[in-house]
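Open the structure in your viewer and keep the selection tool at hand. This tour goes stop by stop.

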There are 2 protein chains.
Amino acid sequence: MSNFFELIKTDKNSRARVGKITTDHGEIPTPIFMPVGTLGTVKAVHQTDLINLDAKIILGNTYHLYLRPGMEVISEFGGLHNFMNWQRPILTDSGGYQVFSLSPLRKIDKDGVHFRSHIDGSKHYFTAESVVEIQRKIGSDIVMVLDECAPYPATREYISKSTKISIDWARKSRKHFLNSEPRWSYNQFQFGIGQGGVFVDFRKEYIEQMIEIGFDGYAIGGLSVGEPKDMMMEMVEVSTELLPKDKPRYLMGVGMPDDILNAIERGIDMFDCVIPTRNARNAQLFTTRGKINVRNLKYKFSKEPIDPGLDFYPSNYYTLGYLRHLFISEELLALSIASMQNIAFYLWLVRQARDKITDGTFVQWKNHLLDLWSNTK
Amino acid sequence: MSNFFELIKTDKNSRARVGKITTDHGEIPTPIFMPVGTLGTVKAVHQTDLINLDAKIILGNTYHLYLRPGMEVISEFGGLHNFMNWQRPILTDSGGYQVFSLSPLRKIDKDGVHFRSHIDGSKHYFTAESVVEIQRKIGSDIVMVLDECAPYPATREYISKSTKISIDWARKSRKHFLNSEPRWSYNQFQFGIGQGGVFVDFRKEYIEQMIEIGFDGYAIGGLSVGEPKDMMMEMVEVSTELLPKDKPRYLMGVGMPDDILNAIERGIDMFDCVIPTRNARNAQLFTTRGKINVRNLKYKFSKEPIDPGLDFYPSNYYTLGYLRHLFISEELLALSIASMQNIAFYLWLVRQARDKITDGTFVQWKNHLLDLWSNTK
């Protein structure tokens with residue numbers, strides 16, 4: 001059996017690295033972006049199209065899937081891969097973030113969190129262990145531990161108390177994971193999550209605790225929640241400085257294309273974010289020549305392809321003028337085309353990053369791209 | 001140059017016929033169903049997917065395209081085919097039906113109809129000639145004449161007056177079409193439309209007038225507007241009895257799968273209808289084993305493919321249980337999958353009809369299918 005993670009190359013001029021994650025559902029080259037498939041679907045995009053766009057892994061949301069369709073249905077189908085007929089890797093978050101951001105009522109105790117469904121108000125309880133069990137049923141290739149994603153801003157006192165509970169949950173999660181078996185016929189791997197708000201000492205302490213517990217990979221959580229970008233990057237830096245080189249690092253919920261490049265430079269391997277698909281539904285396109293709001297009148301007669309830099313359907317198939325018409329006319333196809341374009345762009349971005357790290361030109365390329373985009377804003 | 005229409009075979013036991021329409025954008029085997037692409041998009045379905053589903057021709061709506069994106073945009077792109085990047089045949093209706101069903105205010109005079117846009121209330125005027133001009137700009141392969149689609153029920157007096165005007169418009173339309181050139185670099189063909197409400201004598205008289213004027217094909221309009229189904233089929237019968245055998249016949253806006261089979265039996269070659277796509281968006285599936293409301297609780301755990309009888313994506317790719325989950329969760333992908341399934345079914349239906357007419361078993365097959373469906377309702 002090959003290693004879960006193989007570090008292939010580290011950049012000479014930065015912490016950027018190229019690697020490979022191996023799961024029973026296939027290999028994932030890193031750095032990688034994971035399109036978000038909250039409810040067992042990447043919104044408005046067919047599974048077959050995700051494959052055509054070169055998606056290597058997608059993310060599912062434990063909280064959402066637990067509520068709908070529920071674990072009875074997912075179990076009956078033999079896990080999420082079969083349910084949605086996506087046979088490439090899946091990572092699921094722990095549900096923690098959604099409990100704290102979506103649930104109208106929630107109460108933490110030492111073992112877990114009581115919450116109400118945002119759909120029907122029904123009562124539920126997540127513990128460190130139950131969240132592992134749920135992800136055993138979902139059958140995600142990569143499982144995340146339950147934690148509290150603290151708000152920003154938060155006091156030192158708040159973060160101190162919050163991180164103590166979350167570290168305790170992480171320990172219980174790992175224990176339960178190691179003492180339980182996969183529900184389906186393939187391996188699962190588990191990541192710990194580093195929290196600590198924007199306090200360097202808490203971040204370091206937390207990460208050290210996670211390393212001591214020992215996970216298959218490490219995530220950095222609780223960022224991109226409103227803090228300044230330089231603060232976010234500082235937290236990333238202090239984390240990747242401590243993290244073991246032979247395990248993948250995942251920056252949760254980040255972000256804009258420039259954030260992704262800056263985080264890759266600081267040694268991050270994995271990303272997920274709703275921005276490409278959510279912004280797509282608001283007519284904001286990410287393209288190799290910069291951001292475009294395709295509702296803009298200036299595209300009314302535009303015969304330019306959506307993104308001439310991407311040799312994929314639909315980027316090279318439709319014009320900006322046609323896509324604008326679809327948005328103005330509120331046609332469903334607009335949402336699908338724009339979502340596919342933005343996913344194609346994010347996947348192009350990480351593919352390019354891998355190539356540039358491999359050939360030793362990552363930092364120059366990154367700077368060039370950031371310049372280009374700042375001129376087209 | 002090959003004939004526009006070639007009659008290949010007529011059924012021995014009915015008026016059902018197999019034929020072939022040849023346009024500069026490709027051949028269309030008949031009987032055929034045309035998915036409706038109102039605003040230059042078949043709602044929720046990619047152009048590439050329409051090709052994968054074996055769509056041979058789609059329909060566009062002159063009224064809608066005239067208002068959005070407008071003729072300036074369509075002209076700039078060199079016609080609708082290029083605008084939407086659909087290089088197979090397109091038929092456009094004349095806009096008459098939409099003026100009479102959507103416009104909040106309209107006034108007929110002898111030359112045309114004044115109306116207000118249902119979007120912004122702006123004033124417009126369609127004449128027999130201007131509607132030909134608009135369709136020259138759209139560049140549809142098959143162009144329809146302007147007519148009044150009379151409501152149901154309507155008095156003999158109303159129909160008598162309405163048909164006189166529409167026949168006059170048809171004459172002017174044909175004259176203008178024959179005296180004008182295609183705007184783009186390919187041929188266009190023009191169909192007349194038979195009206196006459198549910199009055200046999202008016203239907204016959206109208207059709208005879210259309211034949212006298214002489215078109216490339218003939219449509220039967222003003223049906224499926226609320227009249228009983230046997231009345232609709234009677235009107236179809238009296239029309240196809242008179243229509244020349246060497247021209248295609250198109251039953252506008254019809255209909256349910258059984259209507260299509262019954263009309264094919266009576267000698268109709270072409271169909272369009274919003275039912276497959278509109279009902280899809282309401283979770284109603286048409287499948288080879290009958291109609292399914294996929295929101296039904298009984299499909300919650302169903303691992304059955306959407307339609308095992310159709311060897312197409314997405315019919316054979318997803319389960320009813322997964323599609324139900326997408327509808328219950330109001331996910332956009334549901335609308336796309338269901339629309340594709342229903343289009344796949346309608347195209348399968350006409351493809352099967354062609355095969356059965358060819359091998360002489362059409363009537364038996366039709367009766368078998370109607371029996372099967374009535375048992376699964």
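How many bridges join strand β15 of chain A to strand β16 of chain A? Select residues 284-287 for β15(A) and residues 290-293 for β16(A): 4 bridges join the two strands, which run antiparallel. Pick out Gln284(A), and you will find Asn293(A) of β16(A) opposite. A hairpin of 2 residues links β15(A) to β16(A). Keep in mind throughout that this is a predicted model.

**Just before the hairpin**

Select Ala283(A). Ala283(A) sits in the loop between α11 (275-281) and β15 of chain A. Colour by phi if your viewer allows: Ala283(A) has a value near 75°, which is positive in a residue other than glycine. Is Ala283(A) buried or exposed? Ala283(A) counts as partly exposed, because it has 19 C-beta neighbours inside 10 Å, and a residue is buried at 20 or more.

**The whole of chain A**

Zoom out to chain A. There are 14 helices and 16 strands in its secondary structure. The C-alpha atoms fill a box of roughly 60 × 50 × 45 Å along the principal axes. A compact globule of 377 residues would have a radius of gyration near 21 Å; chain A has 20 Å, so the two agree. Of the 377 residues in chain A, 53% are buried. Now take the contacts with a separation of 6 or more: 67% of them in chain A come from residues 24 or more positions apart.

**The open sheet**

Next, show the strands of the parallel sheet. In chain A, 8 strands form this open sheet, in the order β4-β14-β13-β12-β11-β10-β6-β5. Which strands stand at the edges? They are β4 (32-35) and β5 (58-60) of chain A; each has a single partner strand, so one side of each is left without a neighbour in the sheet. Look at the angles too: neighbouring strands of this sheet are turned by 25° against each other on average, direction ignored.

Zoom in on one pair. Select residues 249-251 for β13(A) and residues 270-273 for β14(A); they pair in the parallel sense over 2 bridges. Tyr250(A) faces Met270(A), which belongs to β14(A). In general, strands of a sheet pair through backbone hydrogen bonds, either parallel or antiparallel.

Now add residues 229-242, helix α9 of chain A. This helix lies across β11 (189-194), β12 (217-220) and β13 of chain A. Against β12(A), α9(A) runs at about 160°.

**A cis bond in each chain**

Select Arg68(A) and Pro69(A). The peptide bond between them is cis, with omega near 5°. Where is Pro69(A)? Pro69(A) is in the loop between α2 (62-67) and α3 (71-76) of chain A. Jump to chain B: Arg68(B) and Pro69(B) are also joined by a cis peptide bond, with omega about 5°. Pro69(B) lies in the loop between α2 (62-67) and α3 (71-76) of chain B.

**One more stop in chain B**

Select Ser224(B), in the loop between β12 (217-220) and α9 (229-242) of chain B. Ser224(B) is not a glycine, yet its phi is positive, about 60°. With 19 C-beta neighbours inside 10 Å, Ser224(B) counts as partly exposed.

**Both chains together**

Finally, show chains A and B. A turn of 180° and a shift of 0.0 Å along the axis lays chain B on chain A, with an RMSD of 0.0 Å. The two copies are therefore related as by a two-fold rotation axis. Which C-alpha of chain B is nearest the axis? Select Leu332(B): its C-alpha is 4.0 Å from the axis. The same surface serves both copies, as 100% of the contact residues of chain B recur in chain A.

How values were computed. Residues numbered from 1 in each chain as written. Chains lettered and ligands numbered in written order. Predicted model: local features only at pLDDT ≥ 70, side-chain atom pairs only at ≥ 80, totals over all residues. Least-squares fit on C-alpha atoms with pLDDT ≥ 70 in both. Contact = placed C-beta atoms within 7 Å. Pairing = 2+ DSSP bridges. Axes fitted to C-alpha atoms, helices over the stretch in contact; angles between N-to-C directions. Rg over C-alpha atoms; globule rule 2.2 N^0.38 Å. Buried ≥ 20, exposed ≤ 12 C-beta atoms within 10 Å, placed from the backbone.
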